[in-house]
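Colleague: I'd like to go through this one and hear the reasoning behind each label. Can you put the model up?

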Amino acid sequence: MIKILILIGIFCTYIYHCSFYRDAVNEVSLHPLTDVYTQQLQALNLTVRSPIRVNKQLIHGRFLHITDIHPDLYYKEGSNVDQLCHKGEGTSGKYGDAILGCDSPIILMAETIKWIERNLKDKIDFIIWTGDNVRHDNDRNFPRTELNIFDMNQNVSDIMYEAFKNPDTSNPRNLLVDLIPSLGNNDVYPHNLFAPGPTLQTREMYKIWSPFIPQNQLHIFNRGAYFFREIIPNQLAILSINTLYLFQSNPLVDNCDRKKDPGYKLFEWLGVVLKEMRARNMKVWLSGHVPPNEKNYDISCLRKYIIWTYEFRDVIIGGLYGHMNIDHFIPLDAKAAYKSLKDSRKDKKGKAKGLDFESFELDDDYDDIDFEDIEIPDFEIDIESNQFDDESEDDEVTLKQQEPMKILGGTPRNKVGYLESLREEYYASIKKRSKSGVNGERYSIAHVTASVIPTFNPGLRVWEYNTTGLDTLLSTSSNYESWDSFFEGVDKYMEYLDSVDDNDNPYTAFDYFTFKKDKTIPSKKPANIPLGPAYTDQTFSPTRYTQYYADLSAINKGDKPFNYEYEYSTDDKHYKMQSLLVNDWLKLGRKLGKPVKDKQKGTKVDKKLETLWGKYLKHSFIDSDYENLGYG
Ligand SMILES: *[C@@H]1O[C@H](CO)[C@@H](O)[C@H](O)[C@H]1NC(C)=O
Ligand SMILES: *[C@@H]1O[C@H](CO)[C@@H](O)[C@H](O)[C@H]1NC(C)=O
């Protein structure tokens, strides 16, 4: 705590003159449930419980994740799917068809948002909206222009705003349901390419998303299209990350180790904000478009991402992503990330020593190293050191660089293969409990949800989280610097870093002993701070989610009205997950991976677990039956 105060003190004294204010005490109560509302919750397979009223805000303990809408103005019903449903005579359905490779008809987007308005709007606290709101660039006859892309982003943004605005206020930023957008690789022109800001693109996106981005983040947003959004005052926030700076397919960025790269700067920003979150005891979800895995992220970015989630495991609840169109989860191994970092920094003689990874054992047995004579900017005063030990464990490390996956139109190919490799490389290699930490803290989880675009079937996910204790938390007043002044300080700090980050060299061999100069390697989590909601049951721990899908073939035939129906939930009879802590995901991952290991060892494969994998595939492809159609 003292350290935190010193940090704030230094920050305020040297970087910005802060003004402190005291929140008024909140009025907190339980909001009564009506019969109709209870029935609606039951019909949606959501947990029946009273929202918490805080002043005028209702907190339901639920949020929606929607991604990859890909609306296509040129979509034509009854056209040829081989011409991407733009031309010709054919079978393309009114609402789009699963698997055939076209983008979304406008009516699919419109009906989806209407469905959310009718069914979910009064039951959720916020909407994570992870990008790709523009059609693909895959039809030579219909090339995309930069103007098309801004227009479509504006159009979808307007529709979202209209659906979730608050009619009782004149402040356009005061929405009924907060929307947290992030930038997709198809929301930019040309696709995948996004330059370091400020650019025309960042300024234009700020304008388009102005109701969703806090005003005090204008500068940060213009730098790189990432931002912070507070959801429950002093309790819960979202960090919307611009993953295009971490993405291997963006040719305008290099890696996350070169100080001038926007990915490096993104982690500088992430570090400052996460430290503030910790100081305020706030919890955060990370959200973005492209999920962290070896195929998507540059390896230097991937390992930093994993290391930050590991060292801030008291703060970060998890990561929420889209882009893949496949419903799945990715366990991320911090030990592998540290090992990869260590390997990348071996000096030419190959005699580098390792960063201490095993800190989940919480041994305070550090060899103190004097950082006094190493130049460290004022803001950072971590005088912690690293225990250098040689890694002797035989754990194979799965972080390596691979070709990025192609995301193009047309029937998706080889997606079962993608999941099989996820099963082998990630699920089957999840370490047993003794090596994962009692609460699985060696790992963090990236959650990839189903898309609206009918690459498979359209899907939506509603998360539920633990609100126990929130009334108490909210009844106590807090005493923090205002966000306006904090972010003004962040702007100044980032400018200061720009002025000192003036070399092009990546951190490599010779600065091994000056790790602390790399602001994008976090300090270790102080041992006395308990694990956060991702790891142990507490306020904001995710408890379950329900997945909904639109059965397009039945809807197009007129056998069903347009509707999102229940697909599965994490506590259903297949998954039986009692909560969604990291350990619960590791347990599921081990079950999904076990038959692979059994086959390798030549031992008997558990039929029940093979059946579970079958269910998992079915849900990954959103009940489209893709896994049985032989596309690989
Ligand atoms: C979005 O575009 C569609 C199709 O052009 C149009 O019908 C609709 O009015 C637009 N909506 C908004 C809010 O601009
Ligand atoms: C919510 O967290 C509390 C601890 O704060 C725990 O006792 C309770 O079981 C959790 N509820 C759910 C639904 O997981």
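Colleague: What makes Arg-544 and Asp-571 a salt bridge?

Modeller: This is a predicted model, and in it the side chains of Arg-544 and Asp-571 meet with N to O at 2.8 Å. The cut-off is 4 Å between a side-chain nitrogen of Lys or Arg and a carboxyl oxygen of Asp or Glu, so the pair counts. Arg-544 lies in strand β14 and Asp-571 in the loop between β15 (565-569) and α15 (582-601), so the bridge ties together parts that are 27 residues apart in sequence.

Colleague: Why is Arg-544 called buried, and what is Asp-571 called?

Modeller: Arg-544 has a relative accessible area of 8%. Buried means under 20%, so Arg-544 gets that label. Asp-571 comes out at 35%. That value falls between 20% and 50%, so Asp-571 is partly exposed.

Colleague: How about Glu-565 and Lys-560, what makes them a salt bridge?

Modeller: Their closest N and O atoms are 2.9 Å apart, and the limit is 4 Å, so they qualify. Glu-565 has 24% relative accessibility, which makes it partly exposed. Lys-560, with a relative accessible area of 29%, is partly exposed too. Back at Arg-544 and Asp-571, salt bridges that share partners join those two with Arg-62 and Glu-464 into one network.

Colleague: How many salt bridges does a search of the whole structure find?

Modeller: The search finds 29. One of them is between the side chains of Glu-311 and Lys-524, at 3.4 Å from N to O. Glu-311 sits in helix α8 and Lys-524 in the loop between α13 and β14 (542-549), so this pair links parts that are 213 residues apart in sequence. Both Glu-311 and Lys-524 are buried.

Colleague: Moving to the cysteines, how do you know that Cys-85 and Cys-102 form a disulfide?

Modeller: Their sulfurs are 2.0 Å apart. The cut-off is 2.5 Å, so they pass. By that rule the count comes to two disulfides.

Colleague: Why is the disulfide of Cys-85 and Cys-102 called right-handed?

Modeller: The torsion about its S-S bond is about 75°, so it is right-handed. Cys-85 and Cys-102 both lie in the loop between β4 (62-66) and α3 (106-119), so the link ties together parts that are 17 residues apart in sequence.

Colleague: What makes Cys-85 and Cys-102 buried?

Modeller: Cys-85 has a relative accessible area of 1%, and Cys-102 is at 6%. The limit for buried is under 20%, so both residues fit.

Colleague: And the link of Cys-256 and Cys-301, how do you know that it is a disulfide?

Modeller: The sulfur atoms of Cys-256 and Cys-301 are 2.0 Å apart. With a cut-off of 2.5 Å, that makes a disulfide. The link has 90° about the S-S bond and is right-handed. Cys-256 lies in the loop between β8 (236-240) and α7 (262-279) and Cys-301 in helix α8 (residues 299-311), so the pair connects parts that are 45 residues apart in sequence. Cys-256 is buried, and so is Cys-301.

Colleague: Why is Ser-240 called buried?

Modeller: Ser-240 has a relative accessible area of 0%, and the label needs under 20%, so it is buried. Ser-240 lies in strand β8, and its side chain reaches the backbone oxygen of Pro-181 at 2.8 Å. The limit for a polar contact is 3.5 Å, so that distance is within it.

Colleague: What makes Lys-339 partly exposed?

Modeller: Its relative accessible area is 22%. Buried would need under 20% and exposed over 50%, so Lys-339 falls in between. Lys-339 is found in helix α9 (residues 334-344).

Colleague: Which residues form a nonpolar patch on the surface with about 270 Å² of accessible area together?

Modeller: Leu-73, Tyr-74 and Ile-106 do. Take Tyr-74, in the loop between β4 and α3. Its relative accessible area is 34%, and patch members need over 30%, so Tyr-74 meets that requirement.

Colleague: Last one: how does the span of helix α13 (residues 483-500) compare with the expected value?

Modeller: Helix α13 has 18 residues and reaches 25 Å from its first C-alpha to its last, close to the 26 Å expected at 1.5 Å a residue. Its buried residues include Trp-483, Phe-486, Phe-487, Tyr-493 and Leu-497.

Methods
Residues numbered from 1 in each chain as written. Chains lettered and ligands numbered in written order. Predicted model: local features only at pLDDT ≥ 70, side-chain atom pairs only at ≥ 80, totals over all residues. Heavy atoms only, no water. Helix = DSSP H or I, 4+ residues; strand = E, 2+ residues; numbered from the N terminus. Buried < 20%, exposed > 50% of the residue type's maximum accessible area, 1.4 Å probe, protein only. Expected span 1.5 Å × (residues − 1). Patch = residues over 30% accessible without salt bridge, like charges linked within 9 Å, V, L, I, M, F, W, Y side chains within 5 Å. Areas by Shrake-Rupley, 256 points an atom, 1.4 Å probe, with all protein chains shown as cover. Polar contact = N/O pair within 3.5 Å; in protein donor to acceptor, adjacent residues only side chain to side chain.
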